[in-house]
Amino acid sequence: MLKNLLIILIFIYIYTVVQHFLRIKKIDSIIDVLEKYGTSVKTDSYGNIILGDNYNESFNLLLHYYPKIVDCLGFYTPTIEYKTSPKDACRIASRIYNDILMERNYAVNDLTKSFNPVISVKKLLRIPSTFLKWIGFDFGSASIKFINLIGWLLAYFLNIYSEEIKALISSFLNN
(Lines give C-alpha, C1' and ligand atoms only; values in the text may rest on other atoms or scores of the structure.)
Protein backbone atom coordinates (compact mmCIF):
# COMPACT_ATOMS: atom_id res chain seq x y z
CA MET A 1 0.00 0.00 0.00
CA LEU A 2 2.85 2.36 0.81
CA LYS A 3 4.35 1.71 -2.61
CA ASN A 4 1.01 2.62 -4.24
CA LEU A 5 0.75 5.83 -2.21
CA LEU A 6 4.28 6.76 -3.25
CA ILE A 7 3.41 6.18 -6.91
CA ILE A 8 0.26 8.30 -6.54
CA LEU A 9 2.25 11.01 -4.79
CA ILE A 10 4.83 11.09 -7.60
CA PHE A 11 2.03 11.22 -10.17
CA ILE A 12 0.35 14.13 -8.34
CA TYR A 13 3.69 15.96 -8.12
CA ILE A 14 4.43 15.59 -11.83
CA TYR A 15 0.83 16.41 -12.81
CA THR A 16 0.84 19.60 -10.72
CA VAL A 17 4.13 20.82 -12.18
CA VAL A 18 3.06 20.04 -15.76
CA GLN A 19 -0.35 21.65 -15.20
CA HIS A 20 1.22 24.93 -14.05
CA PHE A 21 3.80 24.83 -16.84
CA LEU A 22 1.06 24.38 -19.47
CA ARG A 23 -0.89 27.28 -17.95
CA ILE A 24 2.15 29.51 -18.41
CA LYS A 25 2.50 28.35 -22.04
CA LYS A 26 -1.18 29.16 -22.63
CA ILE A 27 -0.74 32.62 -21.13
CA ASP A 28 2.39 33.17 -23.24
CA SER A 29 0.44 32.37 -26.41
CA ILE A 30 -2.18 34.94 -25.40
CA ILE A 31 0.54 37.50 -24.72
CA ASP A 32 1.99 36.89 -28.20
CA VAL A 33 -1.43 37.52 -29.76
CA LEU A 34 -1.90 40.72 -27.74
CA GLU A 35 1.57 41.95 -28.70
CA LYS A 36 0.86 41.22 -32.36
CA TYR A 37 -2.35 43.24 -32.05
CA GLY A 38 -0.44 46.03 -30.29
CA THR A 39 2.04 46.31 -33.14
CA SER A 40 -0.79 46.58 -35.68
CA VAL A 41 -2.08 49.78 -34.06
CA LYS A 42 -0.18 53.02 -33.61
CA THR A 43 -1.17 56.42 -32.26
CA ASP A 44 -0.12 59.75 -33.63
CA SER A 45 0.84 62.82 -31.61
CA TYR A 46 -2.83 63.86 -31.34
CA GLY A 47 -3.93 60.52 -29.90
CA ASN A 48 -5.60 59.33 -33.08
CA ILE A 49 -5.44 55.65 -33.97
CA ILE A 50 -3.49 54.66 -37.07
CA LEU A 51 -4.29 51.14 -38.27
CA GLY A 52 -1.49 49.03 -39.69
CA ASP A 53 -1.72 46.79 -42.73
CA ASN A 54 -2.24 43.67 -40.63
CA TYR A 55 -4.84 45.20 -38.27
CA ASN A 56 -7.81 43.09 -39.41
CA GLU A 57 -5.82 39.87 -39.26
CA SER A 58 -4.48 40.59 -35.76
CA PHE A 59 -7.88 41.81 -34.53
CA ASN A 60 -9.56 38.61 -35.75
CA LEU A 61 -6.82 36.56 -34.11
CA LEU A 62 -7.41 38.47 -30.87
CA LEU A 63 -11.13 37.70 -31.08
CA HIS A 64 -10.32 34.07 -31.80
CA TYR A 65 -8.25 33.93 -28.59
CA TYR A 66 -10.86 35.80 -26.52
CA PRO A 67 -12.38 32.62 -24.96
CA LYS A 68 -8.89 31.62 -23.80
CA ILE A 69 -8.43 35.11 -22.38
CA VAL A 70 -11.69 34.83 -20.45
CA ASP A 71 -10.61 31.38 -19.26
CA CYS A 72 -7.40 32.87 -17.85
CA LEU A 73 -8.73 36.14 -16.48
CA GLY A 74 -12.21 35.14 -15.40
CA PHE A 75 -15.71 36.34 -16.00
CA TYR A 76 -15.00 40.05 -15.46
CA THR A 77 -12.69 40.37 -18.45
CA PRO A 78 -13.39 43.49 -20.51
CA THR A 79 -15.62 42.64 -23.44
CA ILE A 80 -14.29 42.98 -26.95
CA GLU A 81 -16.53 42.26 -29.95
CA TYR A 82 -16.38 42.25 -33.73
CA LYS A 83 -18.11 45.64 -33.91
CA THR A 84 -15.80 47.31 -31.40
CA SER A 85 -14.21 50.47 -32.74
CA PRO A 86 -10.43 50.40 -33.18
CA LYS A 87 -9.96 53.03 -30.47
CA ASP A 88 -12.03 51.07 -27.93
CA ALA A 89 -10.44 47.79 -29.01
CA CYS A 90 -6.99 49.26 -28.47
CA ARG A 91 -7.95 50.49 -24.99
CA ILE A 92 -9.53 47.15 -24.04
CA ALA A 93 -6.59 45.17 -25.45
CA SER A 94 -4.19 47.30 -23.42
CA ARG A 95 -6.14 46.57 -20.24
CA ILE A 96 -6.30 42.86 -21.06
CA TYR A 97 -2.56 42.89 -21.77
CA ASN A 98 -1.80 44.34 -18.34
CA ASP A 99 -4.16 41.88 -16.63
CA ILE A 100 -2.73 38.88 -18.48
CA LEU A 101 0.84 39.91 -17.59
CA MET A 102 -0.19 39.96 -13.93
CA GLU A 103 -1.88 36.58 -14.35
CA ARG A 104 1.40 35.25 -15.78
CA ASN A 105 3.21 36.46 -12.67
CA TYR A 106 0.75 34.51 -10.51
CA ALA A 107 1.13 31.44 -12.74
CA VAL A 108 4.93 31.56 -12.44
CA ASN A 109 4.56 31.89 -8.68
CA ASP A 110 2.24 28.86 -8.62
CA LEU A 111 4.76 26.92 -10.72
CA THR A 112 7.59 27.64 -8.29
CA LYS A 113 5.35 26.64 -5.38
CA SER A 114 4.43 23.38 -7.13
CA PHE A 115 8.06 22.21 -6.92
CA ASN A 116 7.59 21.94 -3.16
CA PRO A 117 6.63 18.29 -2.46
CA VAL A 118 4.52 19.34 0.54
CA ILE A 119 1.92 20.71 -1.88
CA SER A 120 1.63 17.25 -3.46
CA VAL A 121 1.30 15.60 -0.06
CA LYS A 122 -1.53 17.99 0.82
CA LYS A 123 -3.27 17.17 -2.45
CA LEU A 124 -2.83 13.46 -1.76
CA LEU A 125 -4.38 13.83 1.68
CA ARG A 126 -7.34 15.72 0.20
CA ILE A 127 -8.28 12.98 -2.29
CA PRO A 128 -11.39 11.75 -0.39
CA SER A 129 -12.95 15.21 -0.04
CA THR A 130 -11.95 16.13 -3.61
CA PHE A 131 -13.72 13.03 -4.88
CA LEU A 132 -16.85 13.80 -2.87
CA LYS A 133 -16.78 17.40 -4.05
CA TRP A 134 -16.45 16.17 -7.65
CA ILE A 135 -19.55 14.01 -7.15
CA GLY A 136 -21.48 17.05 -5.96
CA PHE A 137 -21.28 17.15 -2.18
CA ASP A 138 -20.29 20.46 -0.62
CA PHE A 139 -18.72 20.62 2.83
CA GLY A 140 -17.34 23.26 5.18
CA SER A 141 -13.63 23.54 5.88
CA ALA A 142 -13.85 21.83 9.28
CA SER A 143 -15.82 18.87 7.96
CA ILE A 144 -13.45 18.42 5.00
CA LYS A 145 -10.63 17.52 7.38
CA PHE A 146 -12.88 14.99 9.12
CA ILE A 147 -14.01 13.49 5.79
CA ASN A 148 -10.40 13.14 4.65
CA LEU A 149 -9.51 11.37 7.90
CA ILE A 150 -12.49 9.00 7.64
CA GLY A 151 -11.74 8.34 3.96
CA TRP A 152 -8.12 7.39 4.59
CA LEU A 153 -9.05 5.27 7.63
CA LEU A 154 -11.66 3.49 5.52
CA ALA A 155 -9.09 2.83 2.79
CA TYR A 156 -6.62 1.54 5.37
CA PHE A 157 -9.12 -0.89 6.95
CA LEU A 158 -10.38 -2.04 3.57
CA ASN A 159 -6.79 -2.84 2.63
CA ILE A 160 -6.17 -4.76 5.87
CA TYR A 161 -9.35 -6.82 5.65
CA SER A 162 -9.50 -7.21 1.87
CA GLU A 163 -9.26 -11.00 1.92
CA GLU A 164 -12.02 -11.31 4.53
CA ILE A 165 -14.23 -8.92 2.58
CA LYS A 166 -13.70 -10.92 -0.62
CA ALA A 167 -14.61 -14.13 1.23
CA LEU A 168 -17.73 -12.51 2.71
CA ILE A 169 -18.90 -11.21 -0.68
CA SER A 170 -18.28 -14.55 -2.39
CA SER A 171 -20.20 -16.37 0.39
CA PHE A 172 -23.16 -14.03 -0.15
CA LEU A 173 -23.02 -14.60 -3.90
CA ASN A 174 -22.79 -18.40 -3.52
CA ASN A 175 -25.91 -18.61 -1.32
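In this short talk I will go through how some helices of this structure pack, then turn to its aromatic pairs, and finish with two single residues. Please keep in mind throughout that what we are looking at is a predicted model.

Let me begin with helix H1, which covers residues 2–39, and helix H2, which covers residues 55–73. H1 and H2 pack at an angle of about 150°, and their axes are 9 Å apart. With that angle, H1 is roughly antiparallel to H2, and the crossing of these two helices is left-handed. If you would like to find the contact on the model, the H1 side includes Arg23, Ile27, Ile30, Val33, Leu34 and Tyr37, while the H2 side includes Tyr55, Phe59, Leu62, Ile69 and Cys72. What kinds of residue make up this contact of H1 with H2? They divide into twelve nonpolar, two polar and six charged; Lys26 and Lys36 of H1 are among the residues taking part, as are Glu57, Lys68 and Asp71 of H2.

The next contact is the one that H2 makes with helix H3, residues 86–114. Here the two helices pack at an angle of about 40°, with 11 Å between their axes, and this angle makes H2 oblique to H3. The crossing of H2 and H3 is left-handed. On the H2 side we find Tyr55, Phe59, Leu62, Tyr66, Ile69, Cys72 and Leu73, and these meet Pro86, Ala89, Ala93, Ile96, Asp99, Ile100 and Glu103 in H3. The residues of this contact divide into twelve nonpolar, no polar and two charged.

Now to the aromatic rings. How many aromatic pairs does a search of the whole structure find? The search finds seven, and I will describe two of them in detail. Phe75 and Tyr76 form an edge-to-face pair, with 5.4 Å from centre to centre and 80° between the planes. Phe75 is exposed, with a relative accessible area of 72%, and Tyr76 is likewise exposed, with a value of 75%. In the pair of Phe131 and Trp134, the ring centres are 6.0 Å apart and the planes stand at 35°, so this pair is tilted. Phe131 and Trp134 both belong to helix H5, residues 127–135, and because they are three residues apart in that helix, about one helical turn separates them. Phe131 counts as partly exposed, at 46% relative accessibility, whereas Trp134, at 70%, counts as exposed. Ring pairs also link Tyr37, Tyr55 and Phe59 into a cluster, and these three residues bring us back to the contact of H1 with H2, where Tyr37 comes from H1 and Tyr55 and Phe59 come from H2.

I will close with two single residues, starting with Leu73, whose place is in helix H2. Is Leu73 buried, exposed or partly exposed? Its relative accessible area is 23%, so Leu73 is partly exposed. Leaving aside neighbours within four places in sequence, Leu73 is in contact with Ile96, Asp99, Ile100 and Glu103. Leu73 and Met102 are 29 residues apart in sequence, and their C-alpha atoms are 9.7 Å apart in space.

The other residue is Ser114, which is found in helix H3. Ser114 is buried, with a relative accessible area of 2%. Once neighbours within four places in sequence are left aside, the residues in contact with Ser114 are Tyr13, Thr16, Val17 and His20.

Methods:
Residues numbered from 1 in each chain as written. Predicted model: local features only at pLDDT ≥ 70, side-chain atom pairs only at ≥ 80, totals over all residues. Heavy atoms only, no water. Axes fitted to C-alpha atoms, helices over the stretch in contact; angles between N-to-C directions. Helix = DSSP H or I, 4+ residues; strand = E, 2+ residues; numbered from the N terminus. Parallel < 35°, antiparallel > 145°, perpendicular 65-115°, else oblique. Left-handed = near helix turned anticlockwise from the far one by under 90°. Contact = heavy atoms within 4.5 Å. Nonpolar A, V, L, I, M, F, W, Y, C, P; charged D, E, K, R; others polar. Phe/Tyr/Trp six-rings, centres within 6.5 Å; stacked < 30°, edge-to-face > 60°. Buried < 20%, exposed > 50% of the residue type's maximum accessible area, 1.4 Å probe, protein only.
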